[in-house]
Amino acid sequence: MLNNDEVITAIGRRLIKFVNEVRFRSSDGTLLLYVGLEKVADKVSPGFTSNKQMNNLANRLAKNFSSEVAVIYTIKEGHDDLENAFFQILKQKFTDQILSFYISYSDKTTVNTWLEVSELSDKLKNRIEEYYIKLLQEADLSINSIQWIDSNLDLPSIPWLLRFLKANQPLNLSSIMKVLVKEFPTINDKWLNHKLDYIRKKGMLIREKDGNYCLSFKGLSVVPAGTRRSSSDIDRALALGRNKW
Amino acid sequence: MKIVGVKLEDWAKDQKEVIEKDAFGRSAFNRYYYAAYLITRHNLGELDSKWKTEKHKSIPNTLVTTVRKPVIKELEKQCKKGTITKSEQSSAMSSLKAATNELSNMLTQAYDLRCIADYEPEISISTKDNILLLKGYKLSTAREWPGKANAYCKTIRKIWGIASLA
(Lines give C-alpha, C1' and ligand atoms only; values in the text may rest on other atoms or scores of the structure.)
Protein backbone atom coordinates (compact mmCIF):
# COMPACT_ATOMS: atom_id res chain seq x y z
CA MET A 1 0.00 0.00 0.00
CA LEU A 2 1.20 3.52 -0.79
CA ASN A 3 2.19 5.89 1.98
CA ASN A 4 -0.04 8.99 1.85
CA ASP A 5 2.72 11.27 3.23
CA GLU A 6 5.05 10.24 0.41
CA VAL A 7 2.31 10.97 -2.12
CA ILE A 8 1.58 14.37 -0.56
CA THR A 9 5.29 15.24 -0.68
CA ALA A 10 5.43 14.13 -4.32
CA ILE A 11 2.42 16.30 -5.20
CA GLY A 12 4.36 19.31 -3.93
CA ARG A 13 3.39 22.49 -2.10
CA ARG A 14 2.26 24.29 -5.24
CA LEU A 15 -0.43 21.76 -6.14
CA ILE A 16 -1.41 20.20 -2.81
CA LYS A 17 -3.70 23.17 -2.06
CA PHE A 18 -6.00 21.94 -4.84
CA VAL A 19 -6.17 18.36 -3.54
CA ASN A 20 -8.73 17.84 -0.75
CA GLU A 21 -7.82 14.23 -0.05
CA VAL A 22 -5.44 11.49 -1.14
CA ARG A 23 -6.61 7.89 -0.87
CA PHE A 24 -5.43 4.47 -2.02
CA ARG A 25 -8.21 2.22 -3.33
CA SER A 26 -7.03 -1.25 -2.44
CA SER A 27 -9.70 -3.08 -4.46
CA ASP A 28 -8.01 -2.14 -7.74
CA GLY A 29 -4.72 -0.57 -6.61
CA THR A 30 -5.60 2.95 -7.71
CA LEU A 31 -4.29 6.10 -6.09
CA LEU A 32 -7.08 8.67 -5.85
CA LEU A 33 -6.78 12.45 -5.73
CA TYR A 34 -9.97 14.25 -4.70
CA VAL A 35 -10.17 17.75 -6.16
CA GLY A 36 -13.02 20.21 -5.51
CA LEU A 37 -14.62 21.37 -8.78
CA GLU A 38 -14.79 24.90 -7.36
CA LYS A 39 -10.98 25.03 -7.67
CA VAL A 40 -10.95 24.04 -11.35
CA ALA A 41 -11.00 26.53 -14.23
CA ASP A 42 -10.39 26.23 -17.98
CA LYS A 43 -6.87 27.56 -17.54
CA VAL A 44 -4.51 27.69 -14.55
CA SER A 45 -4.80 31.03 -12.75
CA PRO A 46 -4.14 32.25 -9.17
CA GLY A 47 -6.21 30.03 -6.84
CA PHE A 48 -7.35 27.74 -9.68
CA THR A 49 -6.03 24.60 -11.28
CA SER A 50 -7.14 23.05 -14.58
CA ASN A 51 -8.04 19.55 -15.81
CA LYS A 52 -4.83 19.56 -17.82
CA GLN A 53 -2.67 20.41 -14.78
CA MET A 54 -4.37 17.69 -12.71
CA ASN A 55 -3.95 15.15 -15.54
CA ASN A 56 -0.26 16.00 -15.75
CA LEU A 57 0.03 15.57 -11.98
CA ALA A 58 -1.76 12.19 -12.20
CA ASN A 59 0.62 11.03 -14.95
CA ARG A 60 3.65 12.13 -12.93
CA LEU A 61 2.44 10.32 -9.80
CA ALA A 62 1.60 7.20 -11.81
CA LYS A 63 5.20 7.13 -13.04
CA ASN A 64 6.70 7.87 -9.57
CA PHE A 65 4.68 5.26 -7.71
CA SER A 66 4.10 2.73 -10.52
CA SER A 67 0.43 2.84 -9.70
CA GLU A 68 -2.73 3.82 -11.50
CA VAL A 69 -3.86 7.31 -10.51
CA ALA A 70 -7.36 8.78 -10.90
CA VAL A 71 -8.51 12.34 -10.23
CA ILE A 72 -11.99 12.54 -8.72
CA TYR A 73 -13.62 15.94 -9.11
CA THR A 74 -16.07 16.47 -6.28
CA ILE A 75 -19.09 18.72 -6.72
CA LYS A 76 -19.35 22.00 -4.85
CA GLU A 77 -21.01 21.84 -1.45
CA GLY A 78 -24.61 22.98 -1.82
CA HIS A 79 -24.73 22.05 -5.52
CA ASP A 80 -27.52 19.50 -4.97
CA ASP A 81 -29.53 21.94 -2.86
CA LEU A 82 -29.26 24.66 -5.50
CA GLU A 83 -30.12 22.24 -8.32
CA ASN A 84 -33.09 20.94 -6.40
CA ALA A 85 -34.28 24.44 -5.46
CA PHE A 86 -34.28 25.60 -9.11
CA PHE A 87 -36.02 22.39 -10.13
CA GLN A 88 -38.78 22.82 -7.54
CA ILE A 89 -39.33 26.50 -8.44
CA LEU A 90 -39.57 25.66 -12.15
CA LYS A 91 -41.92 22.75 -11.41
CA GLN A 92 -44.10 25.05 -9.31
CA LYS A 93 -44.21 27.70 -12.04
CA PHE A 94 -44.68 25.36 -15.01
CA THR A 95 -46.90 22.73 -13.42
CA ASP A 96 -46.36 19.14 -14.62
CA GLN A 97 -44.25 20.29 -17.56
CA ILE A 98 -40.70 20.19 -16.22
CA LEU A 99 -39.69 16.52 -16.15
CA SER A 100 -36.01 16.75 -15.27
CA PHE A 101 -33.49 19.46 -14.57
CA TYR A 102 -29.70 19.30 -14.05
CA ILE A 103 -27.00 21.95 -13.80
CA SER A 104 -23.22 22.03 -13.94
CA TYR A 105 -20.77 24.88 -13.59
CA SER A 106 -18.54 25.96 -16.46
CA ASP A 107 -16.92 28.46 -14.08
CA LYS A 108 -17.65 29.99 -10.70
CA THR A 109 -20.72 31.94 -11.84
CA THR A 110 -21.73 30.36 -15.15
CA VAL A 111 -23.91 27.28 -15.43
CA ASN A 112 -24.85 24.72 -18.07
CA THR A 113 -28.37 23.38 -17.85
CA TRP A 114 -30.13 20.23 -19.06
CA LEU A 115 -33.92 20.54 -19.13
CA GLU A 116 -36.52 17.98 -20.09
CA VAL A 117 -39.96 19.42 -20.70
CA SER A 118 -43.14 17.68 -21.78
CA GLU A 119 -44.90 18.99 -24.90
CA LEU A 120 -42.38 21.73 -25.52
CA SER A 121 -43.48 24.51 -27.88
CA ASP A 122 -41.56 27.60 -29.01
CA LYS A 123 -43.75 29.74 -26.76
CA LEU A 124 -43.23 27.55 -23.70
CA LYS A 125 -39.51 27.31 -24.40
CA ASN A 126 -39.19 31.12 -24.45
CA ARG A 127 -41.25 31.48 -21.28
CA ILE A 128 -39.16 28.91 -19.39
CA GLU A 129 -35.90 30.36 -20.67
CA GLU A 130 -36.84 33.92 -19.74
CA TYR A 131 -38.05 32.92 -16.27
CA TYR A 132 -35.05 30.67 -15.60
CA ILE A 133 -32.47 33.29 -16.64
CA LYS A 134 -34.11 35.77 -14.23
CA LEU A 135 -33.89 33.16 -11.45
CA LEU A 136 -30.21 32.66 -12.17
CA GLN A 137 -29.57 36.40 -12.12
CA GLU A 138 -31.17 36.62 -8.67
CA ALA A 139 -28.62 34.03 -7.54
CA ASP A 140 -25.75 35.98 -9.20
CA LEU A 141 -25.40 33.29 -11.85
CA SER A 142 -25.49 33.40 -15.63
CA ILE A 143 -26.21 30.81 -18.29
CA ASN A 144 -23.66 29.23 -20.64
CA SER A 145 -25.96 26.75 -22.39
CA ILE A 146 -29.37 25.13 -22.07
CA GLN A 147 -29.80 21.67 -23.52
CA TRP A 148 -33.44 20.78 -24.18
CA ILE A 149 -33.57 17.02 -23.75
CA ASP A 150 -35.75 15.11 -26.24
CA SER A 151 -37.03 18.39 -27.62
CA ASN A 152 -39.48 18.02 -30.47
CA LEU A 153 -38.44 21.50 -31.62
CA ASP A 154 -35.04 20.35 -32.89
CA LEU A 155 -34.39 20.77 -36.61
CA PRO A 156 -31.72 18.97 -38.67
CA SER A 157 -28.36 20.62 -39.29
CA ILE A 158 -27.12 20.99 -42.88
CA PRO A 159 -24.41 18.31 -42.37
CA TRP A 160 -27.15 15.99 -41.09
CA LEU A 161 -29.30 16.73 -44.16
CA LEU A 162 -26.38 16.08 -46.51
CA ARG A 163 -25.73 12.73 -44.86
CA PHE A 164 -29.41 11.82 -45.06
CA LEU A 165 -29.51 12.74 -48.77
CA LYS A 166 -26.33 10.78 -49.48
CA ALA A 167 -27.87 7.64 -48.01
CA ASN A 168 -31.28 7.97 -49.62
CA GLN A 169 -30.86 9.93 -52.89
CA PRO A 170 -32.48 10.56 -55.30
CA LEU A 171 -35.39 12.04 -53.34
CA ASN A 172 -37.97 14.74 -54.00
CA LEU A 173 -39.16 17.30 -51.47
CA SER A 174 -42.26 15.40 -50.38
CA SER A 175 -40.41 12.12 -49.80
CA ILE A 176 -37.74 13.95 -47.79
CA MET A 177 -40.48 15.60 -45.71
CA LYS A 178 -42.25 12.28 -45.15
CA VAL A 179 -39.16 10.77 -43.49
CA LEU A 180 -37.91 13.89 -41.69
CA VAL A 181 -41.20 14.77 -40.04
CA LYS A 182 -41.00 11.54 -37.99
CA GLU A 183 -37.70 12.63 -36.46
CA PHE A 184 -38.26 16.40 -36.46
CA PRO A 185 -42.01 16.96 -35.84
CA THR A 186 -41.91 20.76 -36.23
CA ILE A 187 -40.21 20.76 -39.64
CA ASN A 188 -42.21 22.33 -42.50
CA ASP A 189 -42.01 22.55 -46.30
CA LYS A 190 -40.95 26.20 -46.28
CA TRP A 191 -38.03 25.61 -43.90
CA LEU A 192 -36.86 22.53 -45.79
CA ASN A 193 -37.18 24.18 -49.21
CA HIS A 194 -35.13 27.12 -47.98
CA LYS A 195 -32.38 24.84 -46.60
CA LEU A 196 -32.21 22.70 -49.75
CA ASP A 197 -32.01 25.84 -51.86
CA TYR A 198 -29.17 27.14 -49.68
CA ILE A 199 -27.24 23.86 -50.07
CA ARG A 200 -27.89 23.87 -53.82
CA LYS A 201 -26.53 27.42 -54.15
CA LYS A 202 -23.39 26.27 -52.31
CA GLY A 203 -22.92 23.75 -55.14
CA MET A 204 -23.39 20.71 -52.93
CA LEU A 205 -26.79 19.65 -54.23
CA ILE A 206 -28.31 19.18 -57.69
CA ARG A 207 -32.04 19.51 -58.39
CA GLU A 208 -32.91 17.34 -61.35
CA LYS A 209 -35.66 18.13 -63.88
CA ASP A 210 -38.03 15.61 -62.27
CA GLY A 211 -37.70 17.44 -58.92
CA ASN A 212 -35.39 14.88 -57.32
CA TYR A 213 -32.41 16.02 -55.27
CA CYS A 214 -28.94 14.41 -55.54
CA LEU A 215 -25.61 15.35 -53.97
CA SER A 216 -22.95 16.83 -56.23
CA PHE A 217 -19.34 15.70 -56.00
CA LYS A 218 -18.73 18.67 -53.67
CA GLY A 219 -21.67 17.59 -51.49
CA LEU A 220 -20.41 14.02 -51.31
CA SER A 221 -16.94 15.17 -50.30
CA VAL A 222 -18.39 17.04 -47.29
CA VAL A 223 -20.14 14.00 -45.80
CA PRO A 224 -17.78 12.04 -43.56
CA ALA A 225 -17.29 8.44 -44.65
CA GLY A 226 -15.36 5.51 -43.28
CA THR A 227 -15.53 1.89 -42.26
CA ARG A 228 -17.36 2.33 -38.93
CA ARG A 229 -20.74 0.60 -38.56
CA SER A 230 -22.27 4.09 -38.28
CA SER A 231 -20.49 5.34 -41.43
CA SER A 232 -22.51 7.15 -44.11
CA ASP A 233 -21.22 4.62 -46.70
CA ILE A 234 -22.80 1.80 -44.70
CA ASP A 235 -26.03 3.83 -44.43
CA ARG A 236 -26.02 4.23 -48.22
CA ALA A 237 -25.38 0.52 -48.85
CA LEU A 238 -28.19 -0.44 -46.46
CA ALA A 239 -30.59 2.07 -48.05
CA LEU A 240 -29.81 0.71 -51.53
CA GLY A 241 -30.37 -2.82 -50.25
CA ARG A 242 -33.73 -1.82 -48.76
CA ASN A 243 -34.84 -0.18 -52.04
CA LYS A 244 -33.86 -3.26 -54.05
CA TRP A 245 -35.94 -5.56 -51.87
CA MET B 1 -31.77 -1.04 -12.91
CA LYS B 2 -32.54 2.35 -11.30
CA ILE B 3 -35.82 0.93 -10.03
CA VAL B 4 -33.88 -1.69 -8.04
CA GLY B 5 -31.74 1.08 -6.55
CA VAL B 6 -34.83 3.06 -5.55
CA LYS B 7 -36.35 0.00 -3.85
CA LEU B 8 -33.08 -0.71 -2.01
CA GLU B 9 -32.86 2.95 -0.96
CA ASP B 10 -36.42 2.85 0.41
CA TRP B 11 -35.71 -0.39 2.26
CA ALA B 12 -32.48 1.05 3.68
CA LYS B 13 -34.36 4.08 5.04
CA ASP B 14 -36.97 1.83 6.68
CA GLN B 15 -34.45 -0.35 8.53
CA LYS B 16 -34.07 0.18 12.26
CA GLU B 17 -30.83 -1.81 12.57
CA VAL B 18 -27.72 0.11 11.50
CA ILE B 19 -26.17 -2.99 9.96
CA GLU B 20 -29.19 -3.59 7.72
CA LYS B 21 -29.44 0.10 6.79
CA ASP B 22 -25.81 -0.14 5.75
CA ALA B 23 -26.30 -3.33 3.69
CA PHE B 24 -29.28 -2.05 1.69
CA GLY B 25 -27.85 1.45 1.36
CA ARG B 26 -24.53 0.34 -0.16
CA SER B 27 -26.32 -2.02 -2.54
CA ALA B 28 -28.41 0.96 -3.71
CA PHE B 29 -25.18 2.88 -4.52
CA ASN B 30 -24.02 -0.13 -6.53
CA ARG B 31 -27.27 -0.32 -8.56
CA TYR B 32 -27.36 3.43 -9.26
CA TYR B 33 -23.78 3.29 -10.52
CA TYR B 34 -24.47 0.31 -12.80
CA ALA B 35 -27.58 1.97 -14.20
CA ALA B 36 -25.54 5.07 -15.15
CA TYR B 37 -22.61 3.01 -16.50
CA LEU B 38 -24.82 0.78 -18.67
CA ILE B 39 -26.78 3.76 -20.07
CA THR B 40 -23.47 5.39 -21.05
CA ARG B 41 -21.99 2.23 -22.55
CA HIS B 42 -25.13 1.55 -24.57
CA ASN B 43 -25.23 5.09 -25.98
CA LEU B 44 -21.53 5.11 -26.85
CA GLY B 45 -21.96 1.70 -28.49
CA GLU B 46 -24.62 3.22 -30.75
CA LEU B 47 -22.05 5.77 -31.94
CA ASP B 48 -19.22 3.28 -32.45
CA SER B 49 -19.47 -0.46 -31.87
CA LYS B 50 -15.97 -0.61 -30.35
CA TRP B 51 -17.36 1.29 -27.33
CA LYS B 52 -19.97 -1.40 -26.64
CA THR B 53 -17.49 -3.20 -24.40
CA GLU B 54 -15.90 -0.12 -22.80
CA LYS B 55 -14.63 -0.93 -19.30
CA HIS B 56 -15.58 0.83 -16.06
CA LYS B 57 -12.19 2.44 -15.57
CA SER B 58 -11.62 3.53 -19.15
CA ILE B 59 -15.04 4.98 -19.96
CA PRO B 60 -14.49 8.40 -18.24
CA ASN B 61 -11.28 8.98 -20.20
CA THR B 62 -12.82 7.76 -23.47
CA LEU B 63 -15.56 10.35 -23.06
CA VAL B 64 -13.18 13.30 -22.86
CA THR B 65 -10.78 12.04 -25.54
CA THR B 66 -11.91 9.67 -28.31
CA VAL B 67 -15.62 10.55 -28.12
CA ARG B 68 -14.82 14.25 -28.58
CA LYS B 69 -12.00 14.08 -31.10
CA PRO B 70 -13.83 13.10 -34.33
CA VAL B 71 -16.63 15.58 -33.58
CA ILE B 72 -14.29 18.52 -33.04
CA LYS B 73 -12.45 17.64 -36.27
CA GLU B 74 -15.68 17.26 -38.23
CA LEU B 75 -17.22 20.47 -36.90
CA GLU B 76 -14.07 22.37 -37.92
CA LYS B 77 -14.23 20.81 -41.38
CA GLN B 78 -17.96 21.57 -41.76
CA CYS B 79 -17.38 25.16 -40.69
CA LYS B 80 -14.61 25.60 -43.25
CA LYS B 81 -16.87 24.15 -45.97
CA GLY B 82 -19.62 26.59 -44.95
CA THR B 83 -22.27 24.02 -43.94
CA ILE B 84 -22.35 25.35 -40.37
CA THR B 85 -21.59 28.82 -39.06
CA LYS B 86 -18.78 29.70 -36.65
CA SER B 87 -21.37 30.32 -33.95
CA GLU B 88 -23.03 26.90 -34.54
CA GLN B 89 -19.60 25.27 -34.36
CA SER B 90 -18.71 27.03 -31.14
CA SER B 91 -22.08 26.27 -29.52
CA ALA B 92 -21.88 22.57 -30.48
CA MET B 93 -18.30 22.29 -29.16
CA SER B 94 -19.23 23.99 -25.90
CA SER B 95 -22.24 21.68 -25.39
CA LEU B 96 -20.17 18.61 -26.21
CA LYS B 97 -17.43 19.66 -23.81
CA ALA B 98 -19.91 20.28 -20.98
CA ALA B 99 -21.72 16.97 -21.48
CA THR B 100 -18.58 14.82 -21.81
CA ASN B 101 -16.88 16.55 -18.85
CA GLU B 102 -19.91 16.16 -16.59
CA LEU B 103 -20.49 12.54 -17.53
CA SER B 104 -16.82 11.67 -17.17
CA ASN B 105 -16.56 13.32 -13.72
CA MET B 106 -19.82 11.80 -12.55
CA LEU B 107 -18.87 8.27 -13.62
CA THR B 108 -15.40 8.54 -12.01
CA GLN B 109 -16.94 9.59 -8.71
CA ALA B 110 -19.80 7.09 -8.96
CA TYR B 111 -17.35 4.25 -9.69
CA ASP B 112 -15.30 5.21 -6.64
CA LEU B 113 -18.41 5.14 -4.42
CA ARG B 114 -19.48 1.82 -5.93
CA CYS B 115 -16.01 0.37 -5.09
CA ILE B 116 -16.31 1.66 -1.52
CA ALA B 117 -19.83 0.21 -1.27
CA ASP B 118 -18.71 -3.19 -2.55
CA TYR B 119 -15.18 -3.64 -1.21
CA GLU B 120 -14.67 -1.37 1.77
CA PRO B 121 -17.19 -2.40 4.44
CA GLU B 122 -15.14 -0.53 7.05
CA ILE B 123 -16.49 2.70 5.51
CA SER B 124 -20.09 2.44 6.59
CA ILE B 125 -23.26 4.27 5.63
CA SER B 126 -24.20 7.15 7.92
CA THR B 127 -27.54 8.95 8.28
CA LYS B 128 -28.25 12.68 8.51
CA ASP B 129 -31.82 14.06 8.45
CA ASN B 130 -33.02 10.71 7.08
CA ILE B 131 -30.56 11.03 4.17
CA LEU B 132 -28.11 8.15 3.74
CA LEU B 133 -24.49 9.06 3.07
CA LEU B 134 -21.44 7.07 2.01
CA LYS B 135 -18.15 8.89 2.58
CA GLY B 136 -20.22 12.07 2.86
CA TYR B 137 -21.97 11.51 -0.49
CA LYS B 138 -25.77 11.51 -0.44
CA LEU B 139 -27.61 8.45 -1.71
CA SER B 140 -30.37 10.79 -2.89
CA THR B 141 -27.77 12.43 -5.18
CA ALA B 142 -26.67 9.03 -6.46
CA ARG B 143 -30.32 8.40 -7.43
CA GLU B 144 -29.90 11.10 -10.09
CA TRP B 145 -26.90 9.38 -11.75
CA PRO B 146 -28.95 7.35 -14.29
CA GLY B 147 -31.09 10.37 -15.29
CA LYS B 148 -28.02 12.57 -15.64
CA ALA B 149 -26.18 9.92 -17.68
CA ASN B 150 -29.19 9.76 -19.98
CA ALA B 151 -29.36 13.55 -20.41
CA TYR B 152 -25.60 13.91 -21.07
CA CYS B 153 -25.62 10.98 -23.54
CA LYS B 154 -28.51 12.54 -25.46
CA THR B 155 -26.53 15.77 -25.80
CA ILE B 156 -23.46 13.86 -27.00
CA ARG B 157 -25.50 11.94 -29.59
CA LYS B 158 -27.22 15.13 -30.74
CA ILE B 159 -23.85 16.82 -31.37
CA TRP B 160 -22.60 13.74 -33.22
CA GLY B 161 -25.73 14.12 -35.37
CA ILE B 162 -25.12 17.82 -35.98
CA ALA B 163 -21.62 16.91 -37.17
CA SER B 164 -23.25 14.21 -39.40
CA LEU B 165 -21.18 11.50 -37.75
CA ALA B 166 -24.25 9.55 -36.66
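Me: Why does A:Gln97 count as partly exposed?

Reply: A:Gln97 has 16 C-beta neighbours inside 10 Å. With C-beta atoms placed from the backbone, a residue is buried if 20 or more others lie within 10 Å of its own, exposed if 12 or fewer, and partly exposed in between. The count of 16 falls in between, so A:Gln97 is partly exposed. The model is predicted, and local features therefore need pLDDT of at least 70, side-chain atom pairs count only at pLDDT 80 or more, and totals for chains, interfaces and linings use all residues. Residues are numbered from 1 along each chain as its sequence is written, while chains are lettered from A and ligands numbered from 1 in the order in which they are written.

Me: What surrounds A:Gln97, leaving aside its neighbours within four places in sequence?

Reply: A:Gln97 lies in the loop between α4 (79–93) and β4 of chain A; helices (H or I, at least four residues) and strands (E, at least two) are DSSP runs, numbered from the N terminus. Contact requires C-beta atoms, placed from the backbone, within 7 Å, and the partners of A:Gln97 are A:Val117, A:Ser118 and A:Leu124. A:Asn144, 47 residues away in sequence, is 23 Å from A:Gln97, C-alpha to C-alpha.

Me: What makes the backbone of A:Asp150 notable?

Reply: Most residues other than glycine have a negative phi, and most peptide bonds are trans. A:Asp150 is not a glycine, yet its phi is positive, about 55 degrees. The residue sits in the loop between β6 and α6 of chain A. Its 15 C-beta neighbours inside 10 Å place A:Asp150 in the partly exposed class.

Me: Why is B:Asn130 called exposed?

Reply: B:Asn130 has 7 C-beta neighbours inside 10 Å, and therefore counts as exposed. Its position is the loop between β1 (126–128) and β2 (131–134) of chain B, and its phi is also positive, near 60 degrees.

Me: How do you know that the peptide bond from A:Gln169 to A:Pro170 is cis?

Reply: Omega of that bond is near -5 degrees. A:Pro170 belongs to the loop between α6 and α7 (173–183) of chain A.

Me: Why does the span of helix α5 of chain A agree with its number of residues?

Reply: The expected span is 1.5 Å times one less than the number of residues. For the 17 residues of α5(A), residues 122–138, this gives 24 Å; the end C-alpha atoms are 25 Å apart, which agrees. Just after α5(A), A:Asp140 has a positive phi of about 60 degrees.

Me: How does the radius of gyration of chain A stand against that of a compact globule?

Reply: The radius is taken over C-alpha atoms, and the globule rule is 2.2 Å times the number of residues to the power 0.38. For 245 residues the rule gives a value near 18 Å, but chain A has 26 Å. The C-alpha trace spans about 75 × 50 × 35 Å along its principal axes. Chain A is divided into domain 1 (4–74), domain 2 (79–149) and domain 3 (158–244), with bounds from an automatic or database domain assignment. The C-alpha centres of domains 1 and 3 of chain A lie 48 Å apart.

Me: What share of each chain is buried?

Reply: Of the 245 residues of chain A, 23% count as buried. In chain B the share is 53% of 166 residues.

Me: Why is the largest nonpolar core said to lie between two domains of chain A?

Reply: A nonpolar core is a set of buried Ala, Val, Leu, Ile, Met, Phe, Trp, Tyr and Cys residues joined through C-beta atoms within 7 Å. The largest has 75 residues, and A:Leu162 and B:Trp145 are among those with the most contacts inside it. Helix α5 (residues 86–119) of chain B gives the largest share, 13 residues. Domain 2 and domain 3 of chain A both contribute residues, so the core lies between them. A second, separate core of 14 residues includes A:Val7 and A:Met54.

Me: What makes up the side of chain A that touches chain B?

Reply: The contact takes 34 residues from chain A and 32 residues from chain B. On the side of chain A, β3 (68–74), β4 (98–107), β5 (110–117), β6 (142–149) and α6 (158–168) each supply at least two residues. α6(A) gives the most, with five residues. By class, this side has 14 nonpolar, 11 polar and nine charged residues, where Ala, Val, Leu, Ile, Met, Phe, Trp, Tyr, Cys and Pro count as nonpolar, Asp, Glu, Lys and Arg as charged, and the others, Gly among them, as polar.

Technical notes
Contact = placed C-beta atoms within 7 Å.
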